Amino acid sequence: MKCQEVSEFVSALYDGETIPKDAAEHIGICDHCREHLNAYSSMGNEMRRLASLEPESASKPDTWQQIRRSPAWWQKGFATMRIPRIAFASMLIVILLLCGGLVLVRAGAGGRVLILGYKPVPTGPVLPCTMTIVNNHATTCSHITHLSSGALVFNARFLRQDEDRTEVGIRTKFLLQTESVEGDGEAQLRDVPEQILSFEQGESKRIAVSGMGTIELTGNYLDHIPTLIYQPDETLDPQENEFRVVTPVLIRDQKVVVNIDGNSISCCNADATLMIFVPGEGRYLISGVPFEGAVEGSVHLGQIEFVLEGHKYLLLTSMPITRSEHVWVTHEADFKPSERMVRPEEARDDRPMFLVRSLDKLQQPRIPHS
Amino acid sequence: MADDRELRERIRRGDADAFGSLYCIYAPRLEIFLRHVLQDRQAAQDVTQETFARMWERPNGFDPARGTLRAYLFGAGRKRAAEWWRKRGAQVAALENDSCARSAEAAALVSDALARLPEEQRSLLWLREVEGHSYEELATILDVPIGTVRSRLFTAREELRKIWRSEPNSKEKV
């Protein structure tokens, strides 16, 4: 073996990892590789020495007390209240009822998943927010919905279920088109006070969103988490020209390249294209139409097979992807979302992501959102 | 100390003592790690506090099935550090130029060499060499496959070795 072939194993050997026998044999007799091994060891020693010389951390044992959870508004003063607390609590409930802020939700028989649909009033898309109300799995949901006049940021948090009533905490914010949308929904709403609400099954209630108007919310229950959490009424069959990707797993030569949770769907774009980005790997484009430089792959329900750059790939998803039997695929190793994606939450090079958009958009120098 | 799963459950129940133990063990180490990632002592303190505040407010963010609590905390700290860098994007170039200028007269060679590495490589080397994270933990922190950890560690070491070797007073003999 040559030094170049085993160079990565020198680093792995220094870390105590198992390396191939022939690589170990080469390192054992090669002065050049052993010099690298010694250099790594020296650098490691120097780094640990540097860490030992670091000035003391300011994170003292007592400073964590400063970050303990701030009391909610209703907790402030509750502990020192001088009138009977039950009387105050009753008064508070009456006030909330009079304000119309308290709505009752009755869980359907056996329902354990709350689908809290909300939509801008008078017209707008209905956006289902899915939360489980047993155990502690998926108890929150956050959306950023881009509307014509700006972006609606919405967060709902399951609080508790008392017999047949469910209580949720709602936070909303509206950002004008001129304002930048940075971070995820939870980050946007960090400073927004939470409204504690509960809903009666099937009943619609409205809350005001500052700067936008009103949104209407409706609570319903399912006995399972829908596969498409944003479209719980959808069926398995793709529509004509629909391209849907749910929890994709990309496998290369029988090894998993990436396994991503979530779903992305494009309806009615003849050139709908899946983009999968993997840090260190670049991006893969898988399109329903032929395009320059792409190799052809075959589709069977939720599986796509193709051969690219001498490797055999298999893409698995949870649902049928498209009605088409063929797709076209390229790989761009040097693609970086930070250089191409317009939306800040998508312009990240440090985590895997996928989305479905038109091929035309994905090939633009700055990739716009839908 | 309790195992990760039990510790998370106690923190979820609002057990201040459990959270205090966690803080005492990991906060100083996380802060020192973040100093090297951010190159800013005050920012390192702030990001450390934010990371623990998030853990206290949302303990469900840590899933014991996906890795150790230590890996989760360092991964969360590193993500916040990356956000900090992005927000300071306009100032990065100036800072990088400054670090190059300082390098010629720096006394702490390895510190200076580290400062000239990209943030990701600096983080990776520190987490491995100083914090002693395993490949599995690094894969969790960086959200990449273990094979990628191995290749990135090699790349980072080679970059550091080249910079270190170019230092006029370097101890390295390669």
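**Helix α9 of chain B, the cores and the A–B contact**

Among the elements that cover the buried residues of α9(B) are α1 (3-14) and α3 (31-52) of chain A, along with α6 (109-115), α7 (119-129) and α8 (135-142) of chain B. This is a predicted model, where local features need pLDDT of at least 70, side-chain atom pairs count only at pLDDT 80 or more, and totals for chains, interfaces and linings use all residues. Residues are numbered from 1 along each chain as its sequence is written, while chains are lettered from A and ligands numbered from 1 in the order written.

**Helix α9(B)**
- α9 of chain B (residues 146-166) has 21 residues and reaches 30 Å from first C-alpha to last, close to the 30 Å expected at 1.5 Å a residue.
- Its buried residues (20 or more other C-beta atoms within 10 Å of their own, with C-beta atoms placed from the backbone) include R150(B), R152(B), R157(B), F154(B) and W164(B).

**Nonpolar cores**
- A core here is a set of buried Ala, Val, Leu, Ile, Met, Phe, Trp, Tyr and Cys residues joined through C-beta atoms within 7 Å.
- In the largest one, with 57 residues, F33(B), L34(B) and L73(B) touch the most other members.
- Helix α2 (residues 16-38) of chain B chips in the most to this core, 12 residues.
- Leaving out residues up to four places away in sequence, L73(B) touches Y26(B), L30(B), T51(B) and M55(B).

**Where A meets B**
- The contact (C-beta atoms, placed from the backbone, within 7 Å) takes 32 residues from chain A and 41 residues from chain B.
- On the chain A side, α3(A) brings the largest share, 12 residues.

Key: A residue is buried if 20 or more other C-beta atoms lie within 10 Å of its own, exposed if 12 or fewer, and partly exposed in between; C-beta atoms are placed from the backbone. Helices (H or I, at least four residues) and strands (E, at least two) are DSSP runs, numbered from the N terminus. Two residues are in contact if their C-beta atoms, placed from the backbone, lie within 7 Å. The expected span of a helix is 1.5 Å times one less than its number of residues.
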